[in-house]
Each structure stands twice: as structure tokens, then as C-alpha cells.
Amino acid sequence: MIKLKKIQIKPDIYWVGGIDWNLRNFHGYSTNRGTTYNAYLIIDKKITLVDTVKHYLFDEMLARIKEIIDPSKIDYIISNHVEMDHSGSILKILKYCPKATVITSTRGEKGLHLHYKKDLKFKIVKSGDTLNIGKRTLHFVHIPMVHWPDSMVTYVPSDKLLLPNDAFGQHIASEERFDDEIEWGILKEEAEKYYANIVMPYGDQVKKALDAVGGLDIDMIAPSHGIIWRSLIPKIIKEYKKWANYETEDKALIIYDTMWGSTEKIAFALAEGIEETGTPIVIKNLKNTDISDIITYVNSSKYILLGSPTINNTMLPSMGGFLTYLKGLRPRSRIGFVFGSYGWGGQAVIEIEKILKELHWEIPEKSVNINYIPNEEDLNNAKKIGKKLIEN
Ligand code: FEO
């Protein structure tokens, strides 16, 4: 049975979000563990709801709020970020508390107007502004592009609580709410996948955001997706700093697709050479791995090898789709290598390499492009290149 009970995260501060157990695709991102949309209710002289949930989980949020207070008593609704997974129930909750004021940034107000085409009662807050709600004073810090231009965090100093919306989120649907209730391995995997697919292009802005909140006294980070950090804050901040700096590990990632097996043969020959250096390898065929999972490996891998045969004078569509996604996420400071096979033409490797150059990746080795089927010599050569790529 789904528990609709309230969960107190701090004295008089409650998690009142919704759990999306069955979500498996979040605008193209595979959410194998589902997700949550986290909303928080602060009980003070002025009752404040921080963010809401996706529209179809509104009843779940409302049920949780009703366990605590009559929703008509809500005075403020803070919209930290206008994307429909968080702002999608603002109009619905306003039906219960029509006098409530929506607190948001200038861009947030613009976004809510564009979404809802309604004049709501707004209070615009700038970065550094505060709002007294009784015993507590809330602080607002703008963190543009983490995730959208309007993104901001709400900080509750008296409770050492940071409500950073998308930052530090993970797509995990679970009954557990806190980081000490779930294995670190799962948390890290999902937090990294989330970072890689949602925030990766904005490393510089993430660094600024980390600086902006770095001096704050915090013992709890309650994001808008997944679990709440209270025991592993230094650990997740350390990871975020690494990711924001585009730091990688000495690992190789081979991403390929194949028509008749020639490109696959080259992929495995390259892997054999890499293996001889002791460098960890992950091999992913685009036919059976979702691109959002591959991007998680891109986030931490220094060496990225991409292979496709040529078809219709270009690369396979699976590689084309992946590279479109990769270009948008703009991972920096990688060492790239391109390989492929062809019957005639052979343009795939040229086009892939062009994209890697646009990303300013280092490409120390000339690509391998085999006509028809690689023979033993070709495969030995690929093996040598795999080894050389790492050793140089
Ligand atoms: Fe979870 Fe940018 O929305």
C-alpha cells in the first residue's frame, strides 16, 4: 500500500512530495528506478510550501499536506524553478489557498506567466533577498542554469537546511527519504547519471553555485528529486566539484553500433589493446543501451572511442542520435578515437571525428576505417592502437 503519510525532515518542516514509481522515461532520460518530485512544507507564522509536484501527483501532495494543516492556511508558495515537474501543481494548490503569494525570481515569474497565462499574486526575489516567515528567515540564492536560467535555492539558516531544487537530485522512487537509508553505490550512480544528463553542460555555473552555497552552514540538502542528503553531504559535494571541473578517471569507454559485425570486431580488438594497459574498459553497443546510461559513463571516462559503419554516406542513425545528445551536453577534456567500417564511401568516421573536434577533444591517433571485413592484421593493428592511445 502506498503510504501517503507526512515525513518530518526537521522540526515543523515536512516532505510532502509525490513518488512516481512507474516513470521510466523523463523527457528521453531513462529513469529505471522511477523518481520523486519533492515538495516541502514549512510550518511557521507564515505557512510556506516550497515547490510542488508533477500535475498527476497533485492529489498525493495534497493528501500529505492535509495530514499536517488545512491547505487554505498556506501563505507562500516558493517556486525555485519553473519546470512542470516542480511548478506543475501551482495552479491546483492555489485553488485551495487562493490568497497565497507565489515567491519566485524574475525569470520564474516570466516562466509561470508563459506556462499558465494567468496573473498570480507574485513576490519577486533577487539573489541575496530574505523573507521572514515567523521564527525563520528564508534566504534566496539564484543558481542560473542549474538547471534552467530561473533556478534558485531556498536556504533556511535556522534549520541549516538547503532546498536547492534540481541540484543534488537523483531519479529514485523509494519509500526511503534519506541518504543513510540507501546504499551509496546506488545513490552515486543515480546522482551521477542525473548530473551527466541534466547539468553537465553547465559545469562553470555549477562551480559558481557551489561557491555561492559553500559558505552556508548546512546539515541537510533536500533536493527536488530523490533522497535527501543528511549523512553524506561532504561526499556528494566532493563528487559535484569533480564533475563540475570535468574531472575524469583513467577509464576507457567504447561506444559503437555495427551492421554486419565488422565495426564490432574492431571495437573488441581496441578493447584487447586497452586491456593490456590495465585500464578499466566499458563497452556499449548503442543498439541495446540507452544513451542516457552511456552518458553517465562519459561523465567519468577519460578515453572515449566511438565506432560506426558507413551507411547511406553517413554514420548509423543510432550513432547520429547519440552524437546529437553528446554535442548538447558538451563534455570537456576527453581523449577521443574514431573507428568504423564501410563497403564504399567511408564517411562515418570523418563525420564522427568532426563532432569530436567541435567538442575540442584531443584526438591523438588517426582513425581506423576498414573496407568490408577486418582481417587479422587489421585487428592486430587496432589492438596496438588501443594500447597506444592509453600509453601516450
Ligand atoms: Fe526537475 Fe529542471 O526540473
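This tour moves through a predicted model, from its domains to its nonpolar cores, cavities and pockets.

**Domains**

Begin by colouring residues 7-244 as domain 1 and residues 252-391 as domain 2, following the domain assignment of the chain. The C-alpha centres of these two domains are 38 Å apart. Where they touch, domain 1 contributes 15 residues to the contact and domain 2 contributes 13 residues.

**Nonpolar cores**

Next, select Ile 74, Ile 93, Trp 229, Ile 255, Leu 306 and Phe 322, which touch the most other members of the largest nonpolar core, a set of 85 residues. Helix H5 provides the largest share of this core, with 7 residues. Because both domain 1 (7-244) and domain 2 (252-391) give residues to this core, it lies between them.

Centre the view on Phe 322 and display its surroundings. Beyond its neighbours within four places in sequence, Phe 322 is in contact with Ile 255, Leu 286, Ile 291, Ile 294, Ile 295, Val 298 and Leu 306. A further core of 25 residues lies apart from the largest one; select Ile 103, Leu 131, Met 152 and Ala 222, which are among its members. As general background, nonpolar side chains in soluble globular proteins tend to be buried together.

**Cavities**

The model holds 2 cavities of 30 Å³ or more. For the largest cavity, select Ile 143, Val 146, Val 153, Leu 162, Pro 164, Ala 167, Phe 168, Val 206, Ala 209, Leu 210, Val 213 and Tyr 240, the residues of its lining. The volume enclosed there is about 90 Å³. Which element gives the largest share of the lining of this cavity? Helix H6 (residues 203-214) does, with 4 residues. The lining consists of 12 nonpolar residues, with no polar and no charged ones.

For the second largest cavity, select Phe 26, His 27, Glu 83, Asp 85, His 147, Asp 166, Tyr 194, Ile 198 and His 225, which line it. Its space amounts to about 40 Å³. By class, its lining divides into 3 nonpolar, 3 polar and 3 charged residues.

**Pockets**

Turn now to the largest pocket, with about 360 Å³ of space. Select Met 259, Trp 260, Thr 310, Tyr 342 and Gly 343, the closest to the pocket centre of the 16 residues in the lining. Helix H8 (262-276), strand S20 (310-311) and strand S22 (335-342) are the elements that give two or more residues to this lining. Its composition by class is 8 nonpolar, 7 polar and 1 charged.

The last stop is the second largest pocket, where about 240 Å³ of space lies. Select Lys 188, Glu 189, Glu 192, Lys 193, Glu 249, Lys 251, Asp 293, Thr 296, Tyr 297 and Ser 300 to show its lining. How many of these lining residues are charged? The lining has 7 charged residues, along with 2 polar and 1 nonpolar. Showing the backbone as a cartoon helps to place them: helix H5 (184-199), strand S17 (249-256) and helix H9 (291-300) each supply at least two residues. Domain 1 (7-244) and domain 2 (252-391) each give at least three residues to the lining of this second largest pocket.

Methods. Residues numbered from 1 in each chain as written. Predicted model: local features only at pLDDT ≥ 70, side-chain atom pairs only at ≥ 80, totals over all residues. Heavy atoms only, no water. 1 Å grid on protein atoms, 1.4 Å probe; cavity = no way out; pocket = protein on both sides within 12 Å on 5 of 7 lines; lining within 4 Å. Points joined across faces, edges and corners; volume = space filled by probe spheres on them. Nonpolar A, V, L, I, M, F, W, Y, C, P; charged D, E, K, R; others polar. Domains from an automatic or database assignment. Core = buried A, V, L, I, M, F, W, Y, C linked by side-chain atoms within 4.5 Å. Buried < 20%, exposed > 50% of the residue type's maximum accessible area, 1.4 Å probe, protein only. Contact = heavy atoms within 4.5 Å.
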